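User: I am new to this structure and would like to be led through it carefully. Could we take it in questions and answers, going from the whole to its parts?

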Amino acid sequence: MAQFHFTRLTQHNAQRTSCLAEAISNNDLAQQTWLFVSPHDDDLCIGAGLFMQAAIQEGVTIHVLIVTDGCMGYCRLEDRDRIVQIRRDETFRSFELLGITAAQVHYIGYPDGGLVPYIGRRRAQSDEDHIAGYIGLQNALTYHLRQIRPVRVYIPTHTDLHPDHRITHSELMISVFHAAGAIWPELGKPLDEPPSVGELAVYCDFADPPNLEIIGDAEVFQIKLDSIAVYKSQIQIERLVESLRRAGPYEYVRESEFRLFTPDTYKPLFASYTAADKVKSS
C-alpha cells in the first residue's frame, strides 16, 4: 500500500498523520464522492496528483469535471485542427494512471481561453449545445454538481494567472450555492447542503496560506509525474515534470470557508468604539 503523510494546520497546532480521514476529521471517506473541477485537462494532475491517489486509496469515489476543450493548447501547427481530440485522448490516459476511469471524467467543453462569454447563465440559441435549454458556466456547473452530488469539491486557486482559472473559480463558488438551492429545478434535485470547497495550487501561490500538506512516497510521486508526462502534445511538459521532480512529492490544499453576511460578525468591532464614545460624552 502506498504511503502518504498529511499535516493539517489549525489555529492552535499542527496535526500529523498517515491517514487522510484523520487529517480532514472525517471517518467515512469510503462513502463519499468528491469532485475535482479543472479549468484545463492537465491542471489536476499537476496540482492534485498525489491528493487524488490518497483519496482513492481510502475509498473516496472521485469525479473530474474539465471546463474547457483544450483548443488553444496546440504547440505544433500540424496539431491545431485536431488538438481537442489529441488532448482528450491524453486526458483519459493521464487520469487512468491516477486510478480514475474515463467514466469518471466529465467535460463541459467550453472554448479554451474563451470563457468570458460563458460567465453566468442565459437561454441557448437554436444552434448552441445546451443543458435544459440554457448555457453558461453557472448552468453547467450547477447541473454537474447536482448530478454527481459531491460532499467535497476542489478547484485551482483564483490567483492563477490564466483567466480560465479565475473565471472557473468564481463561477464554481456561486454555483455551489445554486446547486443546494431551489433555483433552476430543471437542472436536477438540489443538494441537501453545499459541499465543502478546497483550493489547489497549480501555477501560482495561494492568496492565503494552505492548511493541508500531502507528502507521497516514491511510487505515488512517480505515478503523478507519469500522469503529467502523458500530455506530450505540450512541448514544454518535460521541463515541467523535471521542475516538479526537483521540488519533491509535496502538494498543498487550502480549505475555503463560506461565511454568509450577518451583522453579528461586525457588531463587536463597533460596540467597543460606541462604549468609548459614551464614556467621553459623559
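What follows is a series of questions and answers on this predicted model.

User: How many helices and strands does the protein have, and what is its radius of gyration?

Analyst: In this predicted model, the protein has 8 helices and 11 strands. The globule rule gives 19 Å for 282 residues, and the protein comes close to that, so it is as compact as a globular protein of that length. The radius of gyration asked for is 21 Å.

User: What share of the 282 residues is buried?

Analyst: A residue counts as buried when its relative accessible area is under 20%. Counted over the 282 residues of the protein, the buried share is 48%.

User: Among contacts between residues at least 6 apart in sequence, what percentage joins residues at least 24 apart?

Analyst: A contact here requires heavy atoms within 4.5 Å. Of the contacts in the protein between residues at least 6 apart in sequence, those that join residues at least 24 apart make up 76%.

User: Where on helix H3 do the buried residues fall, and within what arc?

Analyst: Helix H3 covers residues 83-97 and reaches 21 Å from its first C-alpha to its last, close to the 21 Å expected. Its buried residues are Ile83, Ile86, Arg87, Glu90, Thr91, Ser94 and Phe95. Seen down the axis of H3, these buried residues line one face of the helix, because they fall within an arc of 150°.

User: Which helices and strands are included in what covers the buried residues of H3?

Analyst: The cover over the buried residues of H3 includes elements from several parts of the chain, given here with their residue numbers. Among them are helix H2 (43-57), strand S4 (61-68), strand S5 (105-110) and helix H6 (218-229).

User: Which residue follows H3, and what is its phi near?

Analyst: Just after the helix comes Gly99. The phi of Gly99 is positive, and its value is near 95°.

User: Is strand S8 enclosed or open, and how many of its residues are buried?

Analyst: In strand S8, residues 152-156, Arg152, Tyr154 and Pro156 point one way while Val153 and Ile155 point the other way, and all are buried. S8 is therefore largely enclosed by the rest of the structure, the number of its buried residues being 5 of the 5.

User: Which strands pair with S8 in the parallel sense?

Analyst: Strand S3, residues 33-38, runs parallel to S8 and is joined to it by 3 bridges, with Leu35 having Val153 as its bridge partner. S8 also pairs in the parallel sense with S9 over 5 bridges, where the bridge partner of Tyr154 is Gly198. The strands asked for are thus S3 and S9.

User: Which residue of S11 stands opposite Gly198, and which face of S11 does that residue belong to, covered or uncovered?

Analyst: Strand S9, residues 196-200, runs antiparallel to S11 and is joined to it by 3 bridges, and Gly198 stands opposite Glu255 in S11. The uncovered face of S11 holds Tyr250, Tyr252 and Arg254, whereas Glu251, Val253 and Glu255 form the covered one. The residue is Glu255, and its face is covered.

User: How many bridges join strand S10 to S11?

Analyst: Strand S10, residues 212-216, runs antiparallel to S11. One of its residues, Ile214, stands opposite Glu251 in S11. The number of bridges joining S10 to S11 is 4.

User: What does Ile174 count as, at its relative accessibility?

Analyst: Ile174 lies in helix H5, residues 163-179. Partly exposed residues lie between the buried limit of under 20% and the exposed limit of over 50%. The relative accessibility of Ile174 is 36%, so this residue counts as partly exposed.

Conventions
Residues numbered from 1 in each chain as written. Predicted model: local features only at pLDDT ≥ 70, side-chain atom pairs only at ≥ 80, totals over all residues. Heavy atoms only, no water. Helix = DSSP H or I, 4+ residues; strand = E, 2+ residues; numbered from the N terminus. Expected span 1.5 Å × (residues − 1). Buried < 20%, exposed > 50% of the residue type's maximum accessible area, 1.4 Å probe, protein only. Arc of directions from axis to C-beta. Rg over C-alpha atoms; globule rule 2.2 N^0.38 Å. Pairing = 2+ DSSP bridges.
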